[in-house]
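The following note sets out points for a colleague who intends to work with this structure. It treats burial, the ligand site and the sheets in turn.

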Amino acid sequence: VDDGARDSLVEFYKQLSNNNIPPDPSFGWNSTSDPCKNQWKGVICDHNTNSVVKRIVFDNFSLSGFVNASALCNVQSLAASLNVINLILNNIGGAIQADIANCKQLTRLLLGGNQFSGNLPGSLAMLGNLKQLDISNNRFSGDLPGLSRISGLRMFLAQKNQLTGEIPEFDFSNLVQFNVSNNFLKGPIPDVKDRFPASCFLGNPELCGDILQKPCPREKKKSKGVSKNQILMYSGYIALGLAIVALILCRLKKKKGEKVDSASPNKVASVDNVVDKPSVTSTEFKTEVSRSEFSIHSAESALASSSLVVLTSPAVSDLKFEDLLRAPAELIGRGKHGTLYKVIFENGMVLAVKRIKDWTISTDDFKQRMRRLDQAKHPNVLQALAFYCSKHEKLLVYEYQLNGSLFSLLQGNRKGQKFEWASRLVVAAKIAEALAFMHQELHSDGIAHGNLKSSNIMLKKNMEPCISEYGLMVVDPQESSSSANVNGLKTMQQTKDNASNAFKADIYCFGVILLELLTGKLVQNEGVELTSWVHSVVREEWTVEVFDKSLISEGASEERMLNLLQVAIKCVNHSQARPSINQVVAMINTIKEEEDKSRVNEP
Ligand SMILES: Nc1ncnc2c1ncn2[C@@H]1O[C@H](COP(=O)(O)OP(=O)(O)OP(=O)(O)O)[C@@H](O)[C@H]1O
C-alpha cells in the first residue's frame, strides 16, 4: 500500500476512534506498518496482490468518533480499490460528507446501528456500483437522496431514523431488501407490488398507499395546475403520436400485399409464421405497468427474421411471436447480461422471457447453440421452451418458476421457510450432478454454463433445484473483460485456452454456490469477497464461525459441513488446479451417503 494511502488510513482511524491509540501493535493502523502485509485489524486486502485495500470492516468495535470520508475517498489509490465500508453497530456520530461519493468502487456501505446524524449527502446517488446501503438505526434527518440511478442496488435499509419528505424514486428491479419504516416520511408508497411487506413502511404516520390500507388523498392540483407550457407540450406529444399511428397504418397496409416468406425451415423445431404486424413500429410497447416491453429494433429486422423458434417442448407448441408481444409483461429483474420479464397469457400460462443484452454472437451460431442445448436434457436443468433471434434481438422463453431462486431462498425472501442442512445437501448434490451431465454432453461443443450463480438456480414446483440459463454466455477470447463472469474470473477467461477455462470457471462458480449454502451469506457479484472471507476465517482456525447460524442451531453435523466446506474450497481454488465436476459429484455424494446413513441410525 502506498504511503499516501497508509497515512490517510491512519488519519481515518484516528477520527473514527476519537483519537484512541490502537490497542496493541498487532492491531496496526499506524504509520510504521503496512495495512496489507501486516494485516491491520479490520482491513481486507486484494488476495492476489496483497497490496490494495478492498474492505474496511469494523462491525461492533465500540468506535465512537466520526467518519472522515475525505481522508479515505480523496486518495486516488484507496478510492479506486475500496469495495466495502462496514461500520455497523458502533457509536459513530456526525454527518456523512459528500466526499464519500469519491469512493466510486463501493459496493457495500454499511453504517447501520450508529449515531450518525444530519442530512444524507445527495452525492450518494453517484455511487453507481452500490449493491447494499444500510443507514438504519441512526439519527439521519432530511430528505432521502434520489438513488434511482443505482440500478444494481439490492439492499436499502433506512429504518429507524428521522428522515422526512417523500420516498424518492428507486430502481426496484434488483432490490431484494428494502426498509424505510419508523421515520417521518410522507406521501404515497411507490408501487412495489407484493415484494416488500407493509412492515417495511410502517411507523411513518404520513405515508399512504394500498399496502398500508390507507388510501392516498386524490391530488386535486393536477388538472388545475397545468401550465400553458405543459398544455403545449402535451398537445405536441398527442400530435406526434397521431402522426406515428398514421404512418404505421400506412405501412401495414402496404406490407399486407407483399407477404414476406423469409422463415427458413427448421429441422429441430416448428417455426411459426412470419409476424406481419405488431413489431413494424419502432420500439417499446410500453404503457403503464403491464404491457409487453420487448422491443424490436427496426421494422427491417422484424420482417427479416421475426420467427419464434419453438423448441421441442409441447407446452408452447402453438406459441407465436406476436402472442408474446401482445401479452402483458412485467419486469422481474435486470441483470448484467439482460433483462427478465414475466409474461402472463390469457389462458393462464406464465412464461419468463430473458432478453439478452449485447451478445455479439451471430444469428446462425445462436440458433445452432440453442438447438444443441435443447438436445441436452436433464431434469435439473431448466430447458428453454422457445427462442427468438434477430440481428439485434435475442429472446429466450422459459417456464416461469413461481418458487423463485436459490438466491431468494437463501436471502430469506420466502417467509418462514426453513432451509435445513439435509435440503441444502440435496440441492448441492443435484446441481453438481446436473452440471456434470451438461459438461459431459456439451464438452465437445465447448458450451459451459458461463454464468452459474444462485439466482440462476431456480426452484421448481416441488422445490427441486434446476440450473437455468445454461450456455447463455459465450466465452469469447476476443471479448472485452466487461463480459467476464461475476465471480472475478476475468483474467482466467482472457487466457488462451478459453473453452476449457469456461468449464473450470463453472467449477469455481459452483464452489461459490456451495459456500453460499454453507454460510448462508450471499455473494451475488462479489464471489471473490466471500471466498477470501472464508479463506481468512479458515486460516485463523475459526472454521466453525463460517457456517450459517441456523445450521449450527439445527444441530447439523459439523464433520459433514466441514467436508462440504473442503469441497467448496477446492472448487474456488484460484489456480487452475480445481477438481473435475465428476470428482466434485463423487465427493458430495459420499457426504450425502454419510448423512443419509446417520439419519437411518437416528433413534
Ligand atoms: N424462469 C424463471 N422464472 C422465474 N424467475 C426467474 C426465472 N429465471 C430467472 N428468474 C429470476 O429473475 C431475476 C432476474 O434474472 P436474470 O437472469 O435476468 O438476472 P440475474 O441472474 O440476476 O443476472 P444475469 O443477467 O447475470 O443472468 C432473478 O432474480 C432470477 O432468479
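1. A residue is called buried here if 20 or more other C-beta atoms lie within 10 Å of its own, with C-beta atoms placed from the backbone. Lysine 354 has 23 other C-beta atoms within 10 Å and is therefore buried. The structure under discussion is a predicted model, and the points below should be read accordingly.

2. The record and the model may be set side by side at this residue. An unreviewed UniProt entry places the feature "binding site" at Lys354. In the model, lysine 354 belongs to strand 18. Which residues is lysine 354 in contact with, once its neighbours within four places in sequence are left aside? The partners are Gly338, Leu340, Leu395, Leu396, Tyr398 and Glu469.

3. The ligand is surrounded by 21 residues, and the closest of them are Gly333, Gly335, Leu340, Ala352 and Ser405. Strand 16 (329-335), strand 17 (338-344) and strand 18 (350-356) are the elements that give two or more residues to this shell. By residue class, the shell around the ligand divides into seven nonpolar, eleven polar and three charged residues. Leu340 appears both among the closest residues to the ligand and among the contacts of lysine 354.

4. Strand 18 merits separate comment. Five of its seven residues are buried, so strand 18 is largely enclosed by the rest of the structure. Strand 17 and strand 18 run antiparallel and are joined by seven bridges. Within this pairing, tyrosine 341 stands opposite valine 353 in strand 18. The hairpin of strand 17 and strand 18 has five residues between the strands, and glycine 348 in this hairpin takes a positive phi near 95°.

5. Strand 18 is also paired with strand 20 (residues 394-399), again in the antiparallel sense, through six bridges. Two of the facing positions may be named: isoleucine 356 stands opposite lysine 394 in strand 20, and arginine 355 stands opposite leucine 395 in strand 20.

6. Are the residues of strand 20 buried or exposed? Strand 20 is mostly covered, with six of its six residues buried. The burial extends to both faces of strand 20: Lys394, Leu396 and Tyr398 lie on one side, and Leu395, Val397 and Glu399 on the other. Among these residues, Leu395, Leu396 and Tyr398 are also contacts of lysine 354.

7. Strand 19 (residues 386-389) runs antiparallel to strand 20 and is joined to it by four bridges. Phenylalanine 387 stands opposite leucine 396 in strand 20. The connection between strand 19 and strand 20 is a hairpin of four residues.

8. Two open sheets should be described as well. In one of them, six strands follow the order 4-6-8-10-12-13, with parallel pairing. Strand 4 (93-94) and strand 13 (206-208) stand at its edges; each has a single partner strand, so one side of each is left without a neighbour in the sheet. Strand 12 (residues 184-188) pairs with strand 13 in the parallel sense over three bridges, and proline 188 stands opposite cysteine 208 in strand 13.

9. The other open sheet has seven strands in the order 1-2-3-5-7-9-11, and its pairing is mixed. Here strand 1 (43-45) and strand 11 (177-179) stand at the edges, and each has one side without a neighbour in the sheet because each has a single partner strand. Neighbouring strands of this sheet are turned by 15° against each other on average, direction ignored. Strand 3 (residues 84-86) and strand 5 (residues 108-110) run parallel and are joined by three bridges; the bridge partner of isoleucine 85 in strand 5 is leucine 109.

10. Some totals for the chain complete the note. The chain has 16 helices and 22 strands. Of its 603 residues, 39% are buried. Among contacts in the chain with a separation of 6 or more, residues 24 or more positions apart account for 55%.

Methods:
Residues numbered from 1 in each chain as written. Predicted model: local features only at pLDDT ≥ 70, side-chain atom pairs only at ≥ 80, totals over all residues. Near = placed C-beta within 6 Å. Nonpolar A, V, L, I, M, F, W, Y, C, P; charged D, E, K, R; others polar. UniProt positions renumbered as here; feature names shortened; annotations may be inferred. Buried ≥ 20, exposed ≤ 12 C-beta atoms within 10 Å, placed from the backbone. Contact = placed C-beta atoms within 7 Å. Pairing = 2+ DSSP bridges. Axes fitted to C-alpha atoms, helices over the stretch in contact; angles between N-to-C directions.
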